[in-house]
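This report is meant for someone meeting the structure for the first time. It moves from the overall build to the charged surface, and then to single residues.

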Amino acid sequence: MTAEASKLETEGDIAADFLEGLLDIADLDGDIDMDVDGDRAAVEIVGGELGHLIGDGGEVLDALQELTRLAVYRETGERSRLMLDIGGFRAARRAELVVLAQVAIDQVTGGQTSVAMDAMTPFERKVVHDAVAEAGLSSESAGVEPHRYVVVLPASTEE
């Protein structure tokens with residue numbers, strides 16, 4: 001196991017301990033799944049009635065993710081890029097965003113000079129940027145939080 005993989009597993013363990021304590025305090029049922037997804041630790045809470053931990057549009061989930069990252073930072077002294085999911089919310093949202101990105105990609109490849117998408121969270125923008133790049137087009141974020149959005153553009157001609 002590489003040092004980086006070991007570091008990410010340690011982040012996952014710390015995050016799992018923090019989240020298990022939180023679930024116990026709140027008297028909520030849920031199991032913790034840990035994984036390493038590319039260059040970040042991925043932790044998911046599954047099972048039980050977890051909708052209120054997701055919140056409207058994932059707002060509570062985003063806050064819990066930041067608290068979990070802070071718990072990891074407190075233990076390691078290093079900033080974490082850990083990704084938290086609850087009940088598959090982020091996975092389902094990722095699939096929706098790829099479909100939305102594809103619509104914008106199709107519009108740009110069909111001749112539109114650019115397509116501005118709705119405001120998104122940083123997680124959502126990253127998913128769209130990745131889908132656009134995979135399609136061979138360019139994208140950029142515009143606007144100011146919390147109203148930042150992605151603009152899909154034709155392939156960059158810069159070399």
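In what follows, helices (H or I, at least four residues) and strands (E, at least two) are DSSP runs, numbered from the N terminus. The structure is a predicted model, and with these terms its negative surface patch can be traced to particular elements: the largest share of that patch, 5 residues, comes from α1.

**Overall build**

The chain has 5 helices and 6 strands, and from the N terminus on these elements run α-β-β-α-α-β-α-β-α-β-β. Its C-alpha trace spans about 55 × 35 × 25 Å along the principal axes. Of the 159 residues in the chain, 33% are buried. The accessible surface comes to about 9300 Å², and carbon and sulfur atoms account for 51% of that area. When contacts between residues at least 6 apart in sequence are considered, 54% of them join residues at least 24 apart.

**The negative patch**

The chain carries 12 positive and 33 negative side chains, and the centres of these two sets lie 7 Å apart. A negative surface patch is formed by Glu9, Asp13, Asp17, Glu20, Asp24, Asp27, Asp29, Asp31, Asp33, Asp35 and Asp37. The elements that give two or more residues to this patch are α1 (3-25) and β1 (31-37).

Three of its members can be followed individually. Glutamate 9 is placed in helix α1, and it counts as partly exposed because its relative accessibility is 40%, a value that falls between the limits of 20% for buried and 50% for exposed. Aspartate 27 sits in the loop between α1 and β1, where its phi is near 55 degrees, a positive value in a residue other than glycine; with a relative accessible area of 70%, aspartate 27 is exposed. Aspartate 31, in turn, is found in strand β1 and is exposed as well, with a relative accessible area of 52%. Not counting residues up to four places away in sequence, aspartate 31 touches Glu44, Ile45 and Val46. Aspartate 31 and arginine 79 are 48 residues apart in sequence, and their C-alpha atoms are 25 Å apart in space.

**Salt bridges**

How many salt bridges does the count come to? The count is 10 salt bridges, and three of the pairs are set out below.

| Pair | Closest N to O distance | Relative accessible area |
|---|---|---|
| Glutamate 78 and lysine 7 | 3.7 Å | glutamate 78: 41%; lysine 7: 29% |
| Glutamate 96 and arginine 93 | 3.0 Å | glutamate 96: 43% |
| Lysine 126 and aspartate 130 | 2.8 Å | lysine 126: 42%; aspartate 130: 40% |

The salt bridge between glutamate 78 and lysine 7 links distant parts of the chain, with glutamate 78 in the loop between α3 and β3 (83-86) and lysine 7 in helix α1, 71 residues apart. The other two pairs each lie within a helix: glutamate 96 and arginine 93 are separated by about one helical turn because they are 3 residues apart in helix α4 (residues 89-109), while lysine 126 and aspartate 130 both lie in helix α5 (residues 122-134), 4 residues apart, again about one turn. Salt bridges that share partners also join Lys7, Glu11 and Glu78 into one network.

**Buried positions**

Is glutamate 11, a member of that network, buried or exposed? Glutamate 11 is found in helix α1 and is buried, with a relative accessible area of 3%. Leaving aside its neighbours within four places in sequence, glutamate 11 is in contact with Ala41, Val72, Arg79, Ser80, Arg81 and Leu82.

Threonine 68, which is placed in helix α3 (residues 59-76), is also buried, its relative accessible area being 0%. Apart from residues up to four places away in sequence, threonine 68 touches Ala15, Phe18, Leu19, Leu82 and Leu84. Leu82 is thus listed among the contacts of both threonine 68 and glutamate 11.

**A cis peptide bond**

One further local feature concerns the backbone. Glutamate 145 and proline 146 are joined by a cis peptide bond, with omega at about 5 degrees, and proline 146 is placed in the loop between β5 (138-142) and β6 (149-153).

Definitions and conventions: Residues are numbered from 1 along each chain as its sequence is written. This is a predicted model: local features need pLDDT of at least 70, side-chain atom pairs count only at pLDDT 80 or more; totals for chains, interfaces and linings use all residues. Side-chain values use heavy atoms; hydrogens and water are left out. Patches are made of residues with over 30% relative accessible area and no salt bridge: like charges are joined within 9 Å, nonpolar side chains (Val, Leu, Ile, Met, Phe, Trp, Tyr) within 5 Å. Accessible areas come from the Shrake-Rupley method with a 1.4 Å probe; for residues, only the protein chains shown count as cover. A salt bridge is a side-chain nitrogen of Lys or Arg within 4 Å of a carboxyl oxygen of Asp or Glu. Lys and Arg count as positive and Asp and Glu as negative; His and the chain ends are not counted. The place of a charge is taken as NZ of Lys, CZ of Arg, CG of Asp or CD of Glu. Buried means under 20% relative accessible area, exposed over 50%, partly exposed in between (1.4 Å probe, protein chains only). Contact means heavy atoms within 4.5 Å.
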